[in-house]
Every structure is written in structure tokens, then in C-alpha cells.
Amino acid sequence: MARKRELSRGCMLCHRGGKMVLFVTGLCPRTCWYCPLSSERKGRDVIYANERLIQTPDDAEAVARLMSALGTGITGGEPLAVIDRVITFSKRLKQVFGDSHHIHLYTGKAPDEDTLRDLRGLVDEIRMHPPHDIWGRVAESPYRDSAVLAREMGFSIGVEVPSLPGTGDLSSILHYLDFLNINELEWGETNAEAMRERNMVLEDGIHNAVRGGRGWAGDLLNHPRVHWCSSSFKDSVQLRKRLLRVARNTARPFDQVTRDGTILYGVLKCVGTVLPPLFEQLDPGMYELKDGAVETAWWVITEFSDKMPGEKVIIERYPDRGLVVEVTPVA
Ligand code: SF4
């Protein structure tokens, strides 16, 4: 019989799409060859809440409200390179959403006692990412000491790494951890060359997953405190559920929320300020004038296309006027 997995609290909330991703800086002292950061973020001191570029704790609070966030995952870059920022943002989120707003923090560092003291009461869970070249001796490294100390101080403590050759070596530190998360290694625009140099290839033509990850983790995957996070899970469950939460909070009466969490609506372009007579028959909540165009339900555009002269399209995009996924012209 399969043993029950002991998922971290942060992972449980993430499975529900309930975690806001707070990227606190793209700065990082390390140069991991597999670093997945995009060129817009890598090495730049920028802050993002989910996909939105932000600046202040007010902005982060607004994004968290938009998705009815149950918690926040703080990531980077190296978040502890801007520890004051981590503290300021975490404080705000805990103040406005309460202690139950679960905060987990990624770091490439092995936090010392002073750092842990600064984070206590603000960060609930710490996920350390030791450098790849020490995985074989990680149980004799400062990461083991940090794990022991963090546990004593009441943090949930784990290691989170991408699946790389040698992942199985991390079994030596498992005894000191509450969890070990292994993320399927992903091919990206900034690490593609390093992947090719190491003869890595994609698993298939659909996902970004790199072939071989599960094999590198080996028997570790059978351990109940080890969690494998696949690339397809991140897209199909984690992101989709997060988008659905935002969509439910932000969709206009005429927006259709799709099963993927995207929004569908129709646009009649260039109407200026004079609406075609058809719209006088519609409930005012069923359309909106925006930038000289009228936005309405996609089916209004397709069904009454012949009564609306001008260019018409159906748009599918991420909620809250996010990324446009598809624009379909309507004849
Ligand atoms: S520690 Fe993380 S952010 Fe820094 S270089 Fe490595 S993978 Fe990139």
C-alpha cells in the first residue's frame, strides 16, 4: 500500500491555488547554471506579486485580495539579500490577513540564528536550496545546522531543489527536515544553452520538463516526506487554480470564465462614443466602453455580428486584464 505523503502546509495551499507568489528581488549572489529566472527578472532588483510588477506592500496586499490569497510564497533571486523587504512585506500581509495567512520563504542561504530570529512570527516555513556542488556532503554543511535550529525555533523547515543529477544524495539531510521538495527541472530561455552543453533534452514537445529528473531522484521519491512537483502539475493545477481564484473575483458580468481560469469576451473596435443601437437593448452591465471600443459577451459579438459594422474579435486572456492568450477575428 502506498504511504501517505506528508506535504508541507505551504504545498497544501499551493495545491489549492491559494498562494500568492511574491518575488522580492531578482538579485542573487549565486550563478546556478540551471537558474530558471527570465531575463526580465534575473539580476534586476524588481518586485512582482504573481505576474504583476509592483513596488509597495500596498500593491502586494491588493494582489493578494484579488485572488483571496490564503498565503504567500516569497521567492527571488535571493530573498534574504533584501531581508528588510521580506520583513516589511510579510509584516503587512500578516497584519491585514491575520496569522493564518501562511508565508513560506525560499532561500539559497543557510539562515543563521539572528536571521531566523528576525523571521520568527512572520515566516512560517523555510525552503532552503543548497548549492548543487555540496549535495553529496549536505548533512555536514551549515544547511544541516540551520535545519536543526529552525526546527527548534518553531519553523517548518525543508529543502527545495530542482531535480538534477545527484538529487538522491539529499537523502542524507532528510532526517533533519520536515519535507524535501523536488521540482522537475525546467528548460527556459536563460538556461537553454547550459542545458545543451550538458546534453540535456526535453521530455516531450509539450512541456518544459527536462528528461531524466525522476531517475536522478531515484528511491528518494518513495519517502513520505519527499514531494515531487512536476512541471505539468505547476501549469495544469497550481496556475490554473490560482487564475480561477482571480477570475472569480474580477470577472465582469459578461466575461466568461473558462475551465483554465482565463476570461473570454468580445470586442467591437472603433465605435468612438456612439454605440450601435443593438446595445440599447442590452442590460448596461452587459457591455463596457473601453479605449474607443465596446467590450461585451463573446456571444453578443458572434450572434449579432451582422448588426455591428466594424472590426470584431473575441479575446481570451488571463484574468484582471492579464496576458492575452488568443485573439480570434469574427467575420
Ligand atoms: S540560487 Fe536560485 S535565483 Fe540564485 S542563481 Fe541559483 S537558481 Fe537562480
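These legends go with several close-up views of a predicted model.

**View 1. The whole chain sets the scene.**
Before zooming in, it helps to meet the chain as a whole. Its secondary structure comes to nine helices and 15 strands, and the C-alpha trace spans about 75 × 45 × 45 Å along its principal axes. Of the 331 residues in the chain, 36% are buried. Take the contacts between residues at least 6 apart in sequence: 65% of them join residues at least 24 apart.

**View 2. The ligand sits among residues from several stretches of numbering, including C28 and H129.**
Welcome to the ligand shell. C28, R30, T31, C32, C35 and L37 are among the residues surrounding the ligand. Further along the sequence, G76, G77, E78, G108 and H129 also belong to these surroundings. Sorted by class, the shell has four nonpolar, five polar and two charged residues.

**View 3. Strand β14 pairs with β11 and also with β15.**
Here β14 (residues 312-317) can be followed with a partner strand on each pairing. Strand β11 (residues 263-268) runs antiparallel to β14, and the two are joined over six bridges. Look for G266, which stands opposite I314 in β14. β15 (residues 324-330) is likewise antiparallel to β14, with six bridges between them. In a regular strand, side chains alternate between the two faces of the sheet.

**View 4. A hairpin links β14 and β15.**
Now for a closer look at the turn. Six residues lie between the two strands of this hairpin. One of the residues in the turn, D320, has a positive phi of about 60 degrees. Where the strands pair, R317 has V324 in β15 as its bridge partner.

**View 5. The largest nonpolar core has 58 residues.**
Which residues touch the most other members of this core? They are L22 and A64. The strand β11, seen above in its pairing with β14, gives the core its largest share, five residues. Both domain 1 (9-246) and domain 2 (251-330) contribute at least three residues each to this core. In soluble globular proteins, nonpolar side chains tend to be buried together.

**View 6. L22 and its contacts, with a separate core.**
Leaving aside residues up to four places away in sequence, L22 touches A49, A60, T72, G73, I74 and F89. Another core, of six residues, lies apart from the largest one. Its members include L164, L185, W187 and A209.

Definitions and conventions: Residues numbered from 1 in each chain as written. Predicted model: local features only at pLDDT ≥ 70, side-chain atom pairs only at ≥ 80, totals over all residues. Near = placed C-beta within 6 Å. Nonpolar A, V, L, I, M, F, W, Y, C, P; charged D, E, K, R; others polar. Helix = DSSP H or I, 4+ residues; strand = E, 2+ residues; numbered from the N terminus. Buried ≥ 20, exposed ≤ 12 C-beta atoms within 10 Å, placed from the backbone. Contact = placed C-beta atoms within 7 Å. Pairing = 2+ DSSP bridges. Core = buried A, V, L, I, M, F, W, Y, C linked by C-beta atoms within 7 Å. Domains from an automatic or database assignment.
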